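Hi everyone, thanks for coming. Let me put the structure up on the screen, and then we'll walk through it together.

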Amino acid sequence: MSDDQDKEPPKLSAVQRRAIDSSIDIVLQPPEDIAYQHTVLCQTCLPYRNPGADVRVWERKQGQVLLRIEAGAAFNPKTDKFEDLGLPFGPKIRLILSYLNAEAIKKDSPINEVQDSFTGFVKRILDPLKQGRSDPNGREIKIFKTQLSALAAATIRLGVKRDDRAVTIKSDIVQAFDLWFSKSDNQRVLWPSTIRLSDEYFASLAKHAVPLDERALAALSHSAMALDIYAWLAQRLHRIPHNRSQFVSWAALKGQFGQGYHRMDNFRRVFIQTLRLVHGQYQSAQIEIHEDGITLFHSLPPVPPRGFVVKKPVDN
């Protein structure tokens, strides 16, 4: 027996263990908790990282879809002044949006009582297999709170071009809530009791929501790129005709997902690694990787449509 055989296999990281457990659970069990993302945000990307306090506008274009976000300001009752807030960025804002969208769709209302449900959502994301983890700690709450505040203060324009028509939706996604939050008697930071989505965004969401498996979001919650690739595939693959395929070049992929990557070889390496991680959570996705890009094929969506039934095989 060689020395190599005596060595213990390398230990998996917490992210790797969670991804493996989640992929098995997704294969074996239908989704209990469904999140949603707006189709425009499945095709364009929010910032991956903090672009800096000086950056007040963010634009991304993909095909016939354009996203523009303008950072806003909020009134601080402690200073009696408006204070500039930054642009929303990173994986947490993607998770927050998926939660707010899901609550609005499930309740068919832009107004949602979220004080308890949001804590439950954050806990599920941090503990996707419900293994008894305690409530989110102060640091975790602060990260979600900062991103939720930035989203609430921002103005977002969604532009979609179809045939000879161009539609622009100008909206504050979150119309109103107490940005500075409140504290209980024991000084525990509370979520706002009510969050109201704007009527314009809610009406658009009702027509253009893409269902996502919350377990997959939890497994990918450490990576903004992974969440974006998952949402993009969920929106796109099932719309490809059965008898056709769609090729996407590396240049196009870098334009869509390559924030912060100057060299193509670096982007391609990270994208392929991330795509494989995403595929573990969306195993029905049919994709081929080539030297010059990737080919997409028709695939079942990660969340089956309502009324979809998987038939058990008949024993011979």
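I'll begin with the overall picture, then go through some helix pairs, and end with a few single residues.

One thing to keep in mind from the start: what you see is a predicted model. So, what is it built from? The protein has eleven helices and 16 strands. There are 316 residues, and 45% of them are buried. About 17,600 Å² of the protein is exposed, and carbon and sulfur atoms supply 50% of that.

Here's another way to look at the whole chain. Take the contacts between residues at least 6 apart in sequence: 66% of those join residues that are at least 24 apart.

Okay, on to the helices. When two helices pack, we describe them by the angle between their axes and the distance between those axes. Keep those two numbers in mind for each pair.

Let's find H4 and H7 on the screen. H4 covers residues 90-107, and H7 is residues 199-208. Their axes are 11 Å apart, and the packing angle is about 80 degrees. Anything from 65 to 115 degrees counts as roughly perpendicular, and H4 and H7 are therefore roughly perpendicular to each other. Which residues make the contact? On the H4 side you have Leu97, Asn101, Ala104 and Ile105, and on the H7 side Tyr201, Phe202 and Leu205. Sort the residues of this H4 and H7 contact by class and you get six nonpolar, one polar and no charged.

Next come H10 and H11. H11 runs over residues 264-281, and it packs with H10 at an angle of about 80 degrees, axes 11 Å apart. H10 and H11 are therefore roughly perpendicular to each other. From H10, the contact uses Trp250, Ala251, Leu253, Lys254 and Phe257; from H11, it uses Met264, Phe267, Arg268, Phe271 and Ile272. How do the residues of the H10 and H11 contact divide by class? They are eight nonpolar, no polar and two charged.

Now stay on H10, residues 250-257, and look for H9, residues 224-236. The axes of H9 and H10 come within 11 Å and cross at roughly 120 degrees. That angle is outside the 65 to 115 range and not over 145, so H9 and H10 are oblique to each other. If you like handedness, H9 passes H10 in a right-handed crossing. H9 brings Met225, Asp228, Ile229 and Trp232 to the contact, while H10 brings Leu253, Gln256 and Phe257. By class, the residues where H9 meets H10 are five nonpolar, one polar and one charged.

Did you catch the repeated names? Leu253 and Phe257 of H10 are in the contact with H9, and Leu253 and Phe257 are also in the contact with H11.

Alright, time for single residues. Ala219 lies in helix H8, residues 214-219. Is Ala219 buried or exposed? Its relative accessibility is 0%, so Ala219 counts as buried. Who does Ala219 touch, if we skip neighbours within four places in sequence? Ala219 is in contact with Arg18, Ala19, Ser22 and Gln281. And look at Ile125: Ala219 and Ile125 are 94 residues apart in sequence, but C-alpha to C-alpha they are 7.9 Å apart in space.

Pro304 gives us another pair like that. Find Pro304 in the segment after strand S16, which is 293-297. Pro304 has a relative accessible area of 35%, so Pro304 is partly exposed. The C-alpha atoms of Pro304 and Asp213 are separated by 9.8 Å, with their positions 91 residues apart along the chain.

Last up, two aspartates with a backbone quirk. Asp80 isn't a glycine, yet it has a positive phi of about 60 degrees. You'll see Asp80 in the loop between strand S4 (73-76) and strand S5 (81-84). With a relative accessible area of 59%, Asp80 is exposed. Asp108 also has a positive phi without being a glycine, at about 50 degrees. Asp108 sits in the loop between H4 and strand S6 (111-113), and at 61% relative accessibility Asp108 counts as exposed.

That's my tour, so let's open it up for discussion.

Notes: Residues numbered from 1 in each chain as written. Predicted model: local features only at pLDDT ≥ 70, side-chain atom pairs only at ≥ 80, totals over all residues. Heavy atoms only, no water. Axes fitted to C-alpha atoms, helices over the stretch in contact; angles between N-to-C directions. Helix = DSSP H or I, 4+ residues; strand = E, 2+ residues; numbered from the N terminus. Parallel < 35°, antiparallel > 145°, perpendicular 65-115°, else oblique. Left-handed = near helix turned anticlockwise from the far one by under 90°. Contact = heavy atoms within 4.5 Å. Nonpolar A, V, L, I, M, F, W, Y, C, P; charged D, E, K, R; others polar. Buried < 20%, exposed > 50% of the residue type's maximum accessible area, 1.4 Å probe, protein only. Areas by Shrake-Rupley, 256 points an atom, 1.4 Å probe, with all protein chains shown as cover.
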